[in-house]
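Trainee: Could you go through this structure with me? I would like to start with the overall fold and then turn to single residues.

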Amino acid sequence: MTQKTIIVTGAASEAGLGFATARMLAREGHAIYLTDLDSDAVEARASELRGEGLTATAMVQDVTDAAAWTELVDTVKKDTGRIDGLVNNAGIAVLRYMADLEEASWDKQIDVNLKSVYLGCRAVLPVMEAQEAGAIVNLSSVAGLVGIAGTAAYAASKGGVRLMSKSIALEVAAKGIRVNTVHPGVIWTDMQKVAIADNPDGYDAINAAIPMKHMGEPDDIAHTIAFLLSDGAKYITGAEFVVDGGLTAQ
Ligand code: NAD
């Protein structure tokens with residue numbers, strides 16, 4: 001397989017979807033740029049991969065900052081001459097009922113989960129257009145497909161990611177660039193641990209509500225993202241991939 005250059009954002013969390021994806025892609029032989037706000041953790045993750053003999057570089061990046069995207073893209077281009085893949089994974093979950101949602105929390109939710117995807121796509125598309133090739137995978141959620149009480153701001157961000165991705169996919173489909181979304185159900189990461197921190201019965205209740213009766217693992221999402229970035233997915237664009245143990249099939 002030809003080695004590709006792929007950027008994965010939000011890749012610092014050891015049990016997170018970003019690092020699982022970065023590790024899987026690096027083990028497939030690709031050169032991975034792991035980015036995150038958390039400088040120590042992202043360097044630790046990249047160094048872990050290099051310890052396995054893999055090609056991994058850490059970059060500190062706030063995905064809501066346009067200048068940080070320019071710096072990242074310039075660095076990757078200078079290092080490798082190309083950008084074959086982008087995984088817009090970084091995200092936060094502001095889980096509050098709408099009536100209790102402060103404006104600052106709404107803005108932060110939309111900035112980190114939705115504006116970041118716009119900035120990331122805008123930053124890499126000129127490089128991919130010049131190459132006439134590239135693939136982008138944007139992390140949405142089951143909350144970007146169906147309503148879930150208490151997630152309105154998160155759902156607005158993830159629903160936005162879903163339709164923005166389809167629109168971009170149409171804009172660049174004839175240029176050899178593919179854009180798809182992945183919609184995880186409940187995957188046991190730090191984000192979920194925080195979400196149920198105040199509810200001791202939360203873990204069992206969530207498992208019981210899932211048709212497969214258990215949460216997903218980060219690698220379940222990583223496999224789907226790796227497939228969508230691969231040449232095996234060369235005819236797939238503007239599509240949404242649900243990975244949720246049957247949650248939204250009910
Ligand atoms: P996580 O909280 O474990 O990791 C998220 C990472 O994003 C962290 O390393 C964090 O430092 C980073 N990050 C946050 N804000 C950032 C910013 N402004 N700039 C750069 N990095 C930033 O989360 P996760 O569960 O691995 O989720 C990854 C993605 O998958 C998110 O977009 C999330 O919404 C989505 N998702 C997760 C689940 C789930 O069940 N875990 C379900 C549906 C969707």
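Mentor: We shall take the sheet, then two helices, then some loop residues, bearing in mind that this is a predicted model.

Trainee: What order do the strands of the sheet have, and with what pairing?

Mentor: The sheet is open and has 7 strands, in the order 3-2-1-4-5-6-7, with parallel pairing.

Trainee: Which strands stand at the edges?

Mentor: Strand 3 (56-60) and strand 7 (240-243) do; each has a single partner strand, so one side of each is left without a neighbour in the sheet. On average, neighbouring strands of this sheet are turned by 20° against each other, direction ignored.

Trainee: Over how many bridges do strand 4 and strand 5 pair?

Mentor: Strand 4 (residues 85-88) and strand 5 (residues 134-139) pair over 4 bridges, in the parallel sense. Glycine 85, for instance, has alanine 135 in strand 5 as its bridge partner.

Trainee: Which strands does helix 4 touch?

Mentor: Helix 4 (residues 103-131) packs on the sheet and touches strand 4, strand 5 and strand 6 (177-184). The direction of helix 4 makes about 180° with that of strand 4.

Trainee: On to helix 3. What span should its 15 residues have?

Mentor: At 1.5 Å a residue, helix 3 (residues 66-80) should span 21 Å, and its end C-alpha atoms are 21 Å apart, which agrees.

Trainee: Which residues of helix 3 are buried?

Mentor: Ala68, Trp69, Leu72, Val73 and Val76 are buried in helix 3. They cover an arc of only 130° around the axis, and therefore lie on the same side of helix 3. The face turned away from that buried side carries the exposed residues Ala67, Glu71 and Lys78.

Trainee: What do the buried residues of helix 3 pack against?

Mentor: They pack against strand 1 (5-9), strand 2 (31-36), strand 3, strand 4 and helix 4.

Trainee: And what is found at the start of helix 3?

Mentor: There, a side-chain oxygen of aspartate 65 reaches to within 3.0 Å of the backbone nitrogen of alanine 67. Just after helix 3, glycine 81 takes a positive phi of about 80°.

Trainee: Now helix 2, please. Which of its residues are buried, and which are exposed on the other side?

Mentor: Ala41, Val42, Arg45, Ala46 and Leu49 are the buried residues of helix 2. Their arc around the axis is only 130°, which puts them on the same side of helix 2. Asp40 and Gly51 are exposed on the other side.

Trainee: What covers the buried residues of helix 2?

Mentor: The cover includes helix 1, strand 2 and strand 3. At the start of helix 2, a side-chain oxygen of aspartate 38 comes to within 3.5 Å of the backbone nitrogen of aspartate 40. Glycine 53, just after helix 2, has a positive phi of about 85°.

Trainee: Which residues have a positive phi without being a glycine?

Mentor: Glutamate 132, with a phi of about 55°, and lysine 213, with a phi of about 70°, are two such residues. Most residues other than glycine have a negative phi. Glutamate 132 is placed in the loop between helix 4 and strand 5, and lysine 213 in the loop between helix 7 (202-209) and helix 8 (218-229).

Trainee: Are those two residues buried or exposed?

Mentor: Glutamate 132 is exposed, with a relative accessible area of 60%. Lysine 213 is exposed as well, at 52%.

Trainee: Changing topic: where does glycine 10 lie?

Mentor: Glycine 10 lies in the loop between strand 1 and helix 1 (17-27). Its relative accessibility is 17%, so glycine 10 counts as buried, the limit being under 20%.

Trainee: Which residues does glycine 10 touch?

Mentor: Leaving out residues up to four places away in sequence, glycine 10 touches Gly18, Thr35, Asp36, Asn89 and Ala90. The C-alpha atoms of glycine 10 and threonine 35 are separated by 5.8 Å, although the two residues are 25 residues apart along the chain.

Trainee: And where is tyrosine 97 found?

Mentor: Tyrosine 97 is in the loop between strand 4 and helix 4, and it is exposed, with a relative accessible area of 55%. From threonine 75, tyrosine 97 is 22 residues away in sequence and 41 Å away in space, C-alpha to C-alpha.

How values were computed: Residues numbered from 1 in each chain as written. Heavy atoms only, no water. Pairing = 2+ DSSP bridges. Helix = DSSP H or I, 4+ residues; strand = E, 2+ residues; numbered from the N terminus. Axes fitted to C-alpha atoms, helices over the stretch in contact; angles between N-to-C directions. Contact = heavy atoms within 4.5 Å. Expected span 1.5 Å × (residues − 1). Buried < 20%, exposed > 50% of the residue type's maximum accessible area, 1.4 Å probe, protein only. Arc of directions from axis to C-beta. Polar contact = N/O pair within 3.5 Å; in protein donor to acceptor, adjacent residues only side chain to side chain.
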